[in-house]
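Please look through the structure shown below. The paragraphs after it walk through parts of the chain and then the chain as a whole.

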Amino acid sequence: MQYLRAENEYTEAFLAPLASLQESIYDEIRGRIKEDDNSVPEKEGDFYYYVRYEEGGQYPIYCRRAGSDEGPEEVLLDVNLLAEGRDYTQVSSFENSPDHLLVAYGVDFDGSEQFTIRVLDLESGETLGDEIPNTYYGLEWANDNRTFYYSVLDEHHRPVYIYRHTLGADPSADELVYHEEDSRFFAGVGKSNSGRFIYVAAGGNNMSEWRFLDADDPASIPVLIEPRATDFEYDVEDHGERFIIRHNGKGARDFMLATVPIDNPGWDNWSDFMPHEPGRPIRGIQAYRDHLVVACRQHGLPQVMVHRLSDGDTHYIAGVDEDDFAMSPRGGREFDTSTLRFAYTSLKTPAAVYDYNMASRERVLRKQQEIPSGYDGGQYETRRVWATARDGTAVPISLLMRRDVPVDGSAPLYLYGYGSYGLNMDANFSISALSLVDRGFIFAIAHIRGGMEMGWDWYENGKLLNKRNTFNDFIDCAEYLVSEGYTARGRIAAAGGSAGGMLMGAVINERPDIFGCVAAHVPFVDVLNTMLDDTLPLTTMEYNEWGNPNDEEYYRYMRTYSPYDNVRGQDYPPMLVTAGISDPRVTYWEPAKWVAKLRTMRTDGQPLLLKTHMDSGHAGASGRFERIKEVAEEYAFILHSFGMADTPA
């Protein structure tokens with residue numbers, strides 16, 4: 001702790017002269033937030049549930065209205081009151097009972113992602129005595145309004161237990177519904193959109209196994225749908241007397257859909273429902289009374305498909321007039337509806353929420369993100385360009401820039417990357433990015449392999465013994481942006497967090513000359529030591545992502561890129577590194593020891609800053625304005641590194 005505090009003091013002293021710049025950036029970003037904002041109400045039964053914020057408030061207020069979305073407001077939980085006197089507060093799994101008389105939620109006060117469940121009586125406003133510690137994300141009510149299911153962590157901080165609690169009972173006597181004994185899997189709980197089933201899902205990296213319980217019968221036991229198998233992944237929706245299953249069996253690398261009778265759900269009874277189409281990864285499904293909604297991708301961009309269950313008529317939600325965008329369906333609270341809610345945004349288009357009639361194909365704009373300080377999208381342009389990686393693969397890059405920024409190599413550029421777990425980094429609107437773009441930066445997202453933007457092969461070619469493709473892609477994207485005049489060597493600020501922080505560590509070991517500075521947030525950099533320690537929460541689950549270094553082939557391959565193990569005697573660019581003291585995903589000692597080794601090995605005198613957040617975990621600050629301070633700190637560091645601390649927005 002003494003060492004971490006000393007590093008924090010050093011970072012604070014270095015950044016002190018930039019305090020006014022940080023404050024200016026903070027004010028800019030905060031000025032783009034509509035502080036007294038609210039989400040679009042979601043109908044469930046006779047109530048409309050939503051979240052709102054008050055001016056100056058750090059945290060959400062959970063509310064509902066009865067009868068219509070214009071009825072009288074009822075405040076269910078004000079997280080600002082819950083957070084009083086605390087440095088960190090996060091609420092998860094906020095779930096109302098089916099009769100709308102109770103709410104159960106989890107709360108974490110230190111960023112460890114270890115939640116305590118509490119239950120609110122919405123008639124009296126009182127918190128009941130049913131308090132359950134050491135739980136994880138995921139909580140679902142049975143239909144008796146007295147019973148709920150929840151996940152519990154083991155001694156390694158892994159969610160492997162599913163329990164059933166009855167109100168008023170002693171939580172220590174709760175019934176164990178499921179115990180996951182394979183350390184490569186986590187267990188979670190969910191409820192079907194129809195309200196008919198409670199699902200218990202065990203998931204490991206690229207593997208899954210689902211069970212279901214009758215939500216009307218709190219005494220029911222889980223029924224297995226199909227046993228797990230290596231590299232076999234599936235998930236389930238119910239509709240009538242059948243399950244609709246998304247899966248990657250039969251060689252369907254980008255997933256296909258099947259149906260199976262609920263009363264006989266094993267693999268031998270699965271019938272093909274929607275075929276596999278290479279290059280069209282199916283990311284998820286939602287079942288409604290008359291329609292099935294399919295979230296997928298085409299040409300690397302997100303799409304929403306609507307399938308009419310009565311006759312198979314299928315269409316995509318149309319009307320997109322941008323070359324690069326993000327689009328996703330929102331999970332609804334009701335099954336018996338023809339209305340789908342979806343979100344749309346792009347790097348230059350503030351987020352919009354639509355209600356879409358799946359039968360008539362008409363849409364209604366329910367909400368457009370407001371920018372109180374003013375925003376003119378016509379001043380900006382987006383581009384989707386393709387870099388050619390060293391092995392000939394075309395890698396997409398999303399760009400945001402002001403129309404008056406020259407493409408002659410003079411512009412600084414902010415390059416973000418992740419490239420792991422098959423996660424997609426879509427082109428979402430960012431109120432923060434504008435503070436760099438308005439100072440002449442080009443903002444770029446490199447959609448490198450290891451994500452799943454282009455399909456399963458895109459992911460598989462960036463994991464395990466192909467992991468180096470992720471780092472090569474990022475470097476090759478940087479080289480492409482230089483060669484095309486978007487920026488110049490030494491004018492690129494590279495940024496990434498968690499597995500994206502590993503990316504930062506790998507690329508600066510390989511090519512420190514390209515980057516003008518680096519921001520590595522909670523970086524996973526001590527890859528070998530972490531993956532050799534099977535007592536850590538994620539290690540065994542992620543053998544299928546990075547490999548198991550107890551196997552010599554994987555050890556030697558991981559040794560070639562693990563950032564900590566490849567720090568060398570060379571010049572490095574200016575670096576800002578962050579950590580979270582309560583982080584269960586990337587433990588704080590990883591960035592700490594990495595920075596210590598960099599200080600010992602490097603041959604330059606560039607700034608090297610480590611900031612450990614002493615009151616939070618993997619996601620940083622919990623309050624919405626405190627998070628802005630962290631962004632302002634990063635951007636001020638970047639501007640200082642490029643000699644632009646005095647550049648006005």
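Arginine 361 sits in the loop that connects strand S26 (352–357) with strand S27 (363–368). The model is a predicted one, and in it arginine 361 has a positive phi of about 70 degrees although it is not a glycine. Is arginine 361 buried, partly exposed or exposed? Its relative accessibility is 43%. Because buried means under 20% and exposed means over 50%, arginine 361 counts as partly exposed.

Glutamate 113 is another residue to look at in a loop, here the one between strand S6 (102–108) and strand S7 (115–121). Glutamate 113 is not a glycine, yet its phi is positive, at about 60 degrees. The relative accessible area of glutamate 113 is 6%, and since the limit for buried is under 20%, glutamate 113 is buried.

The two strands on either side of glutamate 113 can be taken next. S6 and S7 are paired in the antiparallel sense, with six bridges between them. One pair to find is leucine 102 and its bridge partner in S7, aspartate 121. S6 and S7 form a hairpin with six residues between the strands, and in this hairpin glycine 111 takes a positive phi near 85 degrees.

How many of the residues of S6 are buried? The count is seven of its seven residues, so by the limit of under 20% relative accessible area S6 is mostly covered. The side chains can be sorted by direction. Leu102, Ala104, Gly106 and Asp108 point one way from S6, while Val103, Tyr105 and Val107 point the other way. The residues of both sets are buried.

S6 also pairs with strand S5 (90–96). S5 and S6 run antiparallel and are joined by five bridges. Serine 92 stands opposite glycine 106 in S6. These two strands form a hairpin as well, with five residues between them. In the turn of that hairpin, histidine 100 has a positive phi of about 65 degrees.

Going back along the chain from S5 leads to a loop that begins after helix H3 (79–82), and alanine 83 is found in this loop between H3 and S5. Alanine 83 has a relative accessibility of 7% and counts as buried. Which residues is alanine 83 in contact with, leaving aside its neighbours within four places in sequence? They are Tyr59 and Thr89. A further distance can be checked from alanine 83. Its C-alpha atom and that of phenylalanine 109 are separated by 8.2 Å, and the two residues are 26 apart along the chain.

Another part of the chain shows how strands can be lined up in a sheet. Four strands form an open sheet here, in the order S12-S13-S14-S15, and their pairing is antiparallel. Which strands are at the edges of this sheet? They are strand S12 (186–191) and strand S15 (223–224), each of which pairs on one side only.

Within this sheet, S12 and S13 are joined in the antiparallel sense by six bridges. Alanine 187 stands opposite alanine 202 in S13. S12 and S13 form a hairpin with five residues between them, and glycine 195 in the turn has a positive phi of about 80 degrees. The pairing then continues from strand S13 (residues 197–204) to strand S14 (residues 207–214), which are antiparallel over eight bridges. Here alanine 201 stands opposite tryptophan 210 in S14.

The last step is to view the chain as a whole. Its secondary structure comes to 12 helices and 35 strands. The radius of gyration of the chain is 25 Å, close to the 26 Å that the globule rule gives for 649 residues, so the chain is as compact as a globular protein of that length. The C-alpha trace spans about 65 × 55 × 50 Å along its principal axes.

Of the 649 residues, 59% count as buried. The accessible surface of the chain is about 25100 Å², and carbon and sulfur atoms hold 46% of it. Among contacts between residues at least 6 apart in sequence, 56% join residues at least 24 apart. As for charge, the chain carries 60 positive and 104 negative side chains, and the centres of the two sets are 4 Å apart.

Conventions
Residues are numbered from 1 along each chain as its sequence is written. Side-chain values use heavy atoms; hydrogens and water are left out. The radius of gyration is taken over C-alpha atoms; the globule rule is 2.2 Å times the number of residues to the power 0.38. Buried means under 20% relative accessible area, exposed over 50%, partly exposed in between (1.4 Å probe, protein chains only). Contact means heavy atoms within 4.5 Å. Accessible areas come from the Shrake-Rupley method with a 1.4 Å probe; for residues, only the protein chains shown count as cover. Lys and Arg count as positive and Asp and Glu as negative; His and the chain ends are not counted. The place of a charge is taken as NZ of Lys, CZ of Arg, CG of Asp or CD of Glu. Two strands pair if DSSP finds at least two bridges between them.
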